[in-house]
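Hello,

Here is the structure I promised to pass on to you. Have a look at it first, and then read on for what turned up when I went through it.

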Amino acid sequence: MEVGASLFVVHQGTIMFPRSHPYGLVCSPELTLAVLFNWIMAVHEARYLQRYFGEEYRRYSTDVRLSFL
């Protein structure tokens with residue numbers, strides 16, 4: 001989804017500013033922020049699930065190797 005949004009922004013930028021629109025300056029920050037946001041949300045979700053489910057979530061996370069903590 002983030003890649004698609006980046007491509008959309010780059011495409012719109014080239015239409016609005018055809019001569020001065022730098023591709024990398026639009027695509028890179030947007031993708032970086034999107035990945036960072038998703039990582040932070042995954043960590044928060046893992047902490048919440050660990051508090052809510054306790055030992056059952058710890059066993060699950062070690063079985064599927066998704067433990068962020």
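**A nonpolar patch on the surface**

Let me start with the outside. L33, L36, W39 and I40 come together as a nonpolar patch on the surface, and their accessible area adds up to about 430 Å². One of these residues, I40, sits in helix 2, which covers residues 23–53. I40 counts as partly exposed, because its relative accessibility is 39%. Please keep in mind throughout that this is a predicted model.

**The chain as a whole**

The protein chain has 3 helices and 0 strands, so its pattern along the sequence is simply written α-α-α, by the convention that numbers helices and strands from the N terminus. Of the 69 residues in the protein chain, 16% are buried. The accessible surface of the chain is about 5,800 Å², and carbon and sulfur atoms account for 65% of that area. As for contacts with a separation of 6 or more, 34% of them in the protein chain are between residues 24 or more positions apart.

**Aromatic rings in helix 2**

How many aromatic pairs are there? The count comes to 3. In one of them, the rings of Y48 and Y52 have centres 5.9 Å apart and planes at 20°, so this pair is stacked. Both residues belong to helix 2, where they are 4 residues apart, or about one turn of the helix. Y48 is partly exposed, because its relative accessibility is 44%, whereas Y52 has 56% and therefore counts as exposed.

Y52 also pairs with F53: the ring centres are 4.8 Å apart and the planes stand at 85°, so this pair is edge-to-face. F53 has a relative accessibility of 41%, which means that F53 is partly exposed. Taken together, Y48, Y52 and F53 make up one aromatic cluster.

**A salt bridge in helix 3**

How many salt bridges does a search of the whole structure find? The search gives 1. The partners are E55 and R58, and their closest N and O atoms are 3.5 Å apart. As a reminder, side chains of opposite charge can pair when their charged atoms come close. Where do E55 and R58 lie with respect to each other? They are 3 residues apart in helix 3, which spans residues 55–64, so about one helical turn separates them. E55 counts as partly exposed because its relative accessibility is 46%. R58 is partly exposed as well, with a relative accessible area of 35%.

**Side chains that meet the backbone**

R58 comes up again in a contact with S61. Here the backbone oxygen of R58 is 3.0 Å from a polar atom of the S61 side chain. S61 is part of helix 3. Is S61 buried or exposed? S61 is buried, because its relative accessibility is 3%.

T62 lies in helix 3 too. A polar atom of the T62 side chain is 2.8 Å from the backbone oxygen of R59. With a relative accessibility of 56%, T62 counts as exposed, whereas S61 counts as buried at 3%.

**Where to look**

If you open the model with these notes beside you, the patch formed by L33, L36, W39 and I40 is a good place to begin. From there you could go on to the aromatic cluster of Y48, Y52 and F53, and then to the salt bridge between E55 and R58.

Best wishes

Definitions and conventions
Residues numbered from 1 in each chain as written. Predicted model: local features only at pLDDT ≥ 70, side-chain atom pairs only at ≥ 80, totals over all residues. Heavy atoms only, no water. Patch = residues over 30% accessible without salt bridge, like charges linked within 9 Å, V, L, I, M, F, W, Y side chains within 5 Å. Areas by Shrake-Rupley, 256 points an atom, 1.4 Å probe, with all protein chains shown as cover. Salt bridge = Lys/Arg side-chain N within 4 Å of Asp/Glu carboxyl O. Helix = DSSP H or I, 4+ residues; strand = E, 2+ residues; numbered from the N terminus. Buried < 20%, exposed > 50% of the residue type's maximum accessible area, 1.4 Å probe, protein only. Phe/Tyr/Trp six-rings, centres within 6.5 Å; stacked < 30°, edge-to-face > 60°. Contact = heavy atoms within 4.5 Å. Polar contact = N/O pair within 3.5 Å; in protein donor to acceptor, adjacent residues only side chain to side chain.
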